[in-house]
Amino acid sequence: MPRKVTINYKKTQKVIKVDEMSDWQDAAELLISKMKPGMVIALHGDLGAGKTTLTQYIAKQLGVSKRALSPTFALIRNYVVKRQRSEASAKECRTSNVERPSYVEATAGRRGTLDVGRLVHVDAYRIEDERELLALDLDEELMEPGTVMIIEWPERVEEWVKKQKELIRVEIEIQ
Ligand SMILES: Nc1ncnc2c1ncn2[C@@H]1O[C@H](COP(=O)(O)OP(=O)(O)O)[C@@H](O)[C@H]1O
Ligand SMILES: [Mg+2]
């Protein structure tokens with residue numbers, strides 16, 4: 001069944017139709033193009049809508065080393081983004097006058113994304129009281145340099161999400 005993915009960022013709205021699995025790539029790419037450190041991406045949608053699926057596509061596209069499994073048991077999972085290392089090696093290359101590797105050129109122009117070195121995936125499904133959030137230290141997680149956080153079931157931690165300055169709100173609906 002197709003999905004309608006609505007992406008709200010600041011005053012802009014973009015709707016992407018996900019008719020088949022490979023269409024998730026488009027949604028992932030759009031989100032990645034807007035990513036910057038300290039950002040929260042709130043994924044709204046019913047059970048089975050595709051929140052974890054979209055997270056997996058984002059993680060894959062960013063080049064994280066581990067697959068983004070649904071963090072149902074872990075509640076919170078961290079991924080290191082490989083591109084950050086490309087950026088680091090690019091800096092090394094420049095200072096040592098060695099030619100930059102081509103994959104760095106390929107991602108040039110996406111400054112914001114290149115600064116993203118860490119993807120934190122939170123599944124708030126089992127949070128019943130927002131006070132439980134304190135134990136997760138989400139503020140501290142987000143302050144780690146280069147971090148972008150993706151939250152499934154953001155309505156469970158609404159107060160915390162509302163406080164975020166750089167927020168992308170994604171609504172996934174099964175059509
Ligand atoms: N466009 C689509 N058409 C059919 N099935 C899809 C489509 N997009 C996702 N799915 C399937 O729907 C399910 C979504 O599950 P999941 O991503 O775990 O949802 P959530 O995290 O929102 O609970 C997966 O089994 C996935 O294969
Ligand atoms: Mg999920």
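**From a hairpin to a ligand shell**

In this predicted model, strand β1 (residues 3–9) and strand β2 (residues 12–18) run antiparallel and are joined by 7 bridges. One of the paired positions involves Asn8, whose bridge partner in β2 is Gln13. Together β1 and β2 form a hairpin, with 2 residues between the strands. Within that turn, Lys10 has a positive phi of about 50 degrees.

Two helices may be considered next. The axes of helix α1 (residues 24–34) and helix α2 (residues 51–62) come within 9 Å and cross at roughly 65 degrees. The crossing of α1 and α2 is right-handed. On the α1 side, the residues that meet α2 are Trp24, Gln25, Ala27, Ala28, Glu29, Leu31 and Ile32; their counterparts in α2 are Thr53, Leu54, Tyr57, Ile58, Gln61 and Leu62. By class, the residues of this contact comprise 9 nonpolar, 3 polar and 1 charged.

Helix α2 also takes part in the surroundings of ligand 1, where it supplies the largest share of the shell, 3 residues. There are 16 residues around ligand 1, and those that come nearest are Ala49, Gly50, Lys51, Thr52 and Thr53. The shell consists of 6 nonpolar, 6 polar and 4 charged residues.

Finally, the confidence of the prediction deserves attention. The protein chain averages a pLDDT of 81, and 75% of the residues score at least 70. Over residues 84–110, however, the pLDDT is below 50. Beyond near neighbours in sequence, this stretch has 16 contacts in the model. Where pLDDT is low, predicted coordinates should not be read in detail.

Note on methods:
Residues are numbered from 1 along each chain as its sequence is written. Chains are lettered from A and ligands numbered from 1 in the order in which they are written. This is a predicted model: local features need pLDDT of at least 70, side-chain atom pairs count only at pLDDT 80 or more; totals for chains, interfaces and linings use all residues. Axes are lines fitted to C-alpha atoms, for helices over the stretch in contact, and angles run from 0 to 180 degrees between N-to-C directions. Helices (H or I, at least four residues) and strands (E, at least two) are DSSP runs, numbered from the N terminus. A crossing is left-handed if the near helix is turned anticlockwise from the far one by less than a right angle, and right-handed if clockwise. Two residues are in contact if their C-beta atoms, placed from the backbone, lie within 7 Å. Ala, Val, Leu, Ile, Met, Phe, Trp, Tyr, Cys and Pro count as nonpolar, Asp, Glu, Lys and Arg as charged, and the others, Gly among them, as polar. A residue is near a molecule or strand if its C-beta atom, placed from the backbone, lies within 6 Å of it. pLDDT is the predictor's confidence in each residue, from 0 to 100. Two strands pair if DSSP finds at least two bridges between them.
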